[in-house]
Amino acid sequence: MSVSKKDGMTLAEAAEGFIAHVEQEGKSAITVRAYRSDLRLAERFFGAETALARLTVPWVGKFLKSEALNQRPNGTPKKPASISRAKGVLRMMLEWAVAQGHLENVPLPKGEQRRAKRANVDATQ
């Protein structure tokens, strides 16, 4: 899929911008590497050149239930902590993109949005 400038920031651009942001926040190299790996899962599923604005709640929901997120390459299930971290990293990147003006809304299914709202409330207190 080719993306024109009018489509806005791509998933790959958002991932790199978010990674730069967490590096500036002083996250450890291990954390940054884990976040980058989690975001690459999303890039492979959606396509790295997909415009963020094209992500929809149903499409993100499919990713959250996908083998790409929930299984290792050999087909065995990932640990719940690994799955939770990957979901959280995607959620944080999407929230970052909204805060930066690259997205209007975070395209997450309702169950995932509640966690995002709770995290935003905690961050403002």
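Is Asp38 buried or exposed, and what is its relative accessible area? In this predicted model, Asp38 has a relative accessible area of 6% and is buried, the cut-off for that class being under 20%. The residue takes part in two features described below, a salt bridge and the lining of the largest cavity.

Two salt bridges are present in the structure. In one of them, Asp38 pairs with Arg85, and the closest N and O atoms are 2.7 Å apart. This pair links distant parts of the chain, with Arg85 located in helix H5 and Asp38 in helix H2, 47 residues apart. Whereas Asp38 is buried, its partner Arg85 is partly exposed, at a relative accessible area of 36%.

The other salt bridge joins the side chains of Arg36 and Glu16, with an N to O distance of 3.9 Å. Because Arg36 belongs to helix H2 and Glu16 to helix H1 (residues 11-24), the pair ties together parts of the chain that are 20 residues apart in sequence. Both partners fall into the partly exposed class: Arg36 has a relative accessibility of 22%, and Glu16 has a relative accessible area of 43%. Helix H2 thus contributes Arg36 to one salt bridge and Asp38 to the other.

A search of the whole structure for cavities of 30 Å³ or more returned one. The largest cavity holds about 40 Å³ of space. Its lining consists of Asp38, Leu39, Ala42, Phe63, Leu69, Ala86 and Leu90. By class, six of these residues are nonpolar, none is polar and one is charged; Asp counts among the charged residue types, so the charged member of the lining is Asp38. At least two lining residues come from each of helix H2 (29-46) and helix H5 (80-99). The greatest contribution is that of H2, which provides three residues. The two helices that supply these residues are also the ones linked by the pair of Arg85 and Asp38.

Phe63, another residue of the cavity lining, lies in helix H3 (residues 57-65), where it is buried together with Val60, Gly61 and Leu64. Viewed down the axis of H3, the buried residues fall within an arc of 160°, so they line one face of the helix. Pro58, Lys62 and Lys65, on the other side of H3, are exposed.

Conventions: Residues are numbered from 1 along each chain as its sequence is written. This is a predicted model: local features need pLDDT of at least 70, side-chain atom pairs count only at pLDDT 80 or more; totals for chains, interfaces and linings use all residues. Side-chain values use heavy atoms; hydrogens and water are left out. Buried means under 20% relative accessible area, exposed over 50%, partly exposed in between (1.4 Å probe, protein chains only). Helices (H or I, at least four residues) and strands (E, at least two) are DSSP runs, numbered from the N terminus. The arc is that of the directions from the helix axis to the C-beta atoms. On a 1 Å grid over the protein atoms alone, a cavity is a set of points where a 1.4 Å probe fits but cannot get out, and a pocket is an open set with protein on both sides within 12 Å along at least five of seven lines; lining residues have an atom within 4 Å of a point. Grid points are joined across faces, edges and corners, and a volume is the space filled by probe spheres set on the points. A salt bridge is a side-chain nitrogen of Lys or Arg within 4 Å of a carboxyl oxygen of Asp or Glu.
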